[in-house]
Amino acid sequence: MPTRRSFLAQSGAALTGALLLPALPGCAPTNPLVHIKGQLLGQDAATGHLLRDPSKIPAPTNTIETDVLIIGGGVAGLSARRWLHLHGQTNTLLVELSPETGGNASAGRNAASAYPWGAHYLPVPDMRNTELLEFLQAAGTLTGYAPDGRPIYNDYQLCHDPEERLNIEGHWQEGLVPALGLSAADQAQVARFFKLTETLKTTVGRDGHDIFRIPLDQSSTDEEYRQLDKISFAAYLDREGFTAPALRWYLDYACRDDYGAHAAQVSAWAGLHYFASRKGSAHNATGADVLTWPEGNHFLTENLRRQASAPIHTQTLAYDLRETASGIEALIYSVATRQSTRVRARQVLLATPQHIAHHLLAAVPGHQLPPPGVLHHAPWLIANLTVAGLPQGPGRPLSWDNVRYGSASLGYINATQQSIKQDDGSPKVITLYWPLTDEMPGPARRRAYQTSYAEWLPRVVAELETYHPGVTPYIQQADLWVWGHGMVAPTPGLLWGAARAAASQPVHGRVFFAHTDYSGISIFEEGFYQGIRAAREMLGTDRKPLSS
């Protein structure tokens with residue numbers, strides 16, 4: 001089989017003609033959106049809200065026993081389950097409210113393609129993150145090592161070219177950093193910022209550790225740099241003279257993309273970490289390359305799930321937690337059977353967001369999580385659009401990541417980018433990401449939940465029209481998903497304040513915690529790390545960093 005790159009070189013002419021436009025329909029309907037099918041999806045908020053009033057849940061009718069109960073089937077919960085399995089603890093039970101595991105790395109599929117409902121890529125990892133490399137090798141993503149020791153990645157899982165483009169005033173440029181129409185002074189600021197972050201990638205603190213590292217708990221404790229967590233990224237940029245509008249737009253875009261918050265809402269340490277912590281290396285890829293799949297990071301969570309054999313109960317809500325003489329007793333409710341079960345366990349892992357853990361810990365003394373609402377979780381809208389074509393403007397052709405300068409959304413990814421077959425004119429799926437950051441998370445969340453599909457659809461179509469004028473007739477299906485809590489944002493003081501470390505401390509050796517909320521940054525590597533950290537604590541091993 002030819003390599004991905006050689007195949008693309010041979011068929012580049014065909015691929016650059018991707019998404020050829022079909023003939024327009026003979027006549028347009030009165031309602032220009034009437035031809036678009038779809039639905040509004042999302043987490044089972046109604047069942048989740050039973051945590052606020054468990055009296056509505058029927059009493060348990062049976063009892064089961066297990067050594068370890070894991071509540072939450074996102075990346076952290078699945079990572080902990082896998083780690084326990086690999087180290088001999090197979091008597092575990094994982095419960096998850098959603099119909100499938102994966103958390104915000106869930107996915108969907110239609111006749112055109114699989115597509116993500118959330119996280120959709122993994123940057124080429126740091127070679128020092130050995131646990132992550134071992135997992136990727138078991139998943140078939142890392143296929144071996146070159147004589148120089150660098151990993152070799154599956155060529156068909158490295159993002160295909162063209163990778164990124166930015167639309168500025170109707171023209172598509174290569175890359176996402178604005179380059180068209182910048183003054184010489186603005187260009188100098190852009191160059192200065194990226195020279196700074198390149199320097200920070202290799203900077204070490206007084207303790208000999210990297211200033212910025214993934215997992216972030218392995219970063220230097222040097223106070224000279226950690227004090228950057230106390231101010232906002234926007235304030236830091238002002239202080240350092242980074243005022244060019246195009247650069248500020250891009251840096252704000254980066255914060256909204258990874259954190260669901262503006263540069264004025266995240267810490268300066270977190271803003272710099274976004275650029276200075278990626279230190280991946282590979283034999284057949286650079287540190288700037290990413291691994292991606294049509295279904296996004298659901299590929300990774302499915303492999304986490306498959307690499308352990310302990311039972312998983314989906315569509316199951318854990319709604320009560322109490323400490324007993326022998327361990328922990330939990331009550332769980334099955335949405336499918338509408339029955340409750342009592343679970344007796346020696347240990348429990350809360351692999352849930354902190355606002356869920358807060359409810360579950362109401363009857364467990366000895367631990368104090370921050371009250372709900374302290375962490376910043378903006379709601380997100382994700383739209384998977386099946387299109388028969390995309391009217392293309394001048395410049396770069398359709399890419400994996402497609403962004404418009406000044407857009408309220410974060411742009412869209414081409415979920416079918418990884419297909420190597422020649423384009424045959426069949427429909428494609430593009431995934432539009434839209435963090436709802438125009439107001440504070442609470443009001444934005446309530447507004448998002450109260451918005452119907454009929455209200456969302458014209459907004460989504462209007463947004464896509466700003467990318468591709470005339471695209472509406474080509475949209476066949478629009479399936480939408482609202483994430484009420486999105487991901488945690490690293491607001492000033494969160495990452496290196498005392499509260500984050502205190503929140504993850506076990507309770508009496510029986511209740512443990514693992515979630516990206518306890519990292520303060522919601523990326524796959526942090527969820528993976530949090531699961532292993534908690535599993536090691538549960539197994540009674542030391543708390544050394546995952547890699548040296």
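Which residue in β18 does E164 stand opposite? E164 stands opposite D401. The model is a predicted one, and this briefing covers an open mixed sheet of 8 strands, the loop residue S407, the β13–β14 hairpin and the packing of helix α3 with helix α10.

**The open sheet**

- The sheet is open and contains 8 strands, arranged in the order β1-β21-β17-β20-β19-β18-β9-β10 with mixed pairing.
- Its edges are formed by β1 (40–42) and β10 (171–174), each of which pairs on one side only.
- On average, neighbouring strands of the sheet are turned by 25° against each other, direction ignored.

**Strand β18 and its partners**

- Strand β9 (residues 164–168) pairs with strand β18 (residues 401–404) in the parallel sense, over 4 bridges.
- Within this pairing, E164 is set opposite D401, and N167 has R404 as its bridge partner in β18.
- With β19, strand β18 pairs in the antiparallel sense over 2 bridges; here Y412 of β19 is the bridge partner of N402.
- D401 and V403 point one way from β18, whereas N402 and R404 point the other way.
- All of these residues, D401, N402, V403 and R404, are buried.

**Helices lying across the sheet**

- Helix α8 (residues 245–259) lies across β9, β17 (380–387), β18 and β20 (428–435).
- The direction of α8 is at about 125° to β18.
- Helix α13 (residues 453–467) lies across β1, β9, β10, β17, β18, β19 (412–414), β20 and β21 (475–483).
- Relative to β21, helix α13 runs at about 115°.

**S407 in the β18–β19 loop**

- S407 is located in the loop that lies between β18 and β19.
- The relative accessible area of S407 is 4%, so this residue is buried, the cut-off for that class being under 20%.
- Apart from neighbours within four places in sequence, S407 is in contact with W249, R256, E463 and Y467.

**The β13–β14 hairpin**

- Strand β13 (residues 316–323) is largely enclosed by the rest of the structure, because 6 of its 8 residues are buried.
- β13 pairs with strand β14 (residues 328–334) in the antiparallel sense, over 7 bridges.
- The two strands are joined by a hairpin through 4 residues.
- I328 in β14 is the bridge partner of E323.

**Packing of α3 with α10**

- The axes of helix α3 (residues 75–86) and helix α10 (residues 298–306) come within 8 Å and cross at roughly 30°.
- Helix α3 is therefore roughly parallel to α10, as angles under 35 degrees fall in that class.
- The crossing in which α3 passes α10 is left-handed.
- On the α3 side, the contact is made by V75, L78, S79, R81 and R82; on the α10 side, by T301, L304 and R305.
- Classified by residue type, this contact of α3 with α10 has 3 nonpolar, 2 polar and 3 charged residues.

Note on methods. Residues numbered from 1 in each chain as written. Predicted model: local features only at pLDDT ≥ 70, side-chain atom pairs only at ≥ 80, totals over all residues. Heavy atoms only, no water. Buried < 20%, exposed > 50% of the residue type's maximum accessible area, 1.4 Å probe, protein only. Pairing = 2+ DSSP bridges. Axes fitted to C-alpha atoms, helices over the stretch in contact; angles between N-to-C directions. Parallel < 35°, antiparallel > 145°, perpendicular 65-115°, else oblique. Left-handed = near helix turned anticlockwise from the far one by under 90°. Contact = heavy atoms within 4.5 Å. Nonpolar A, V, L, I, M, F, W, Y, C, P; charged D, E, K, R; others polar.
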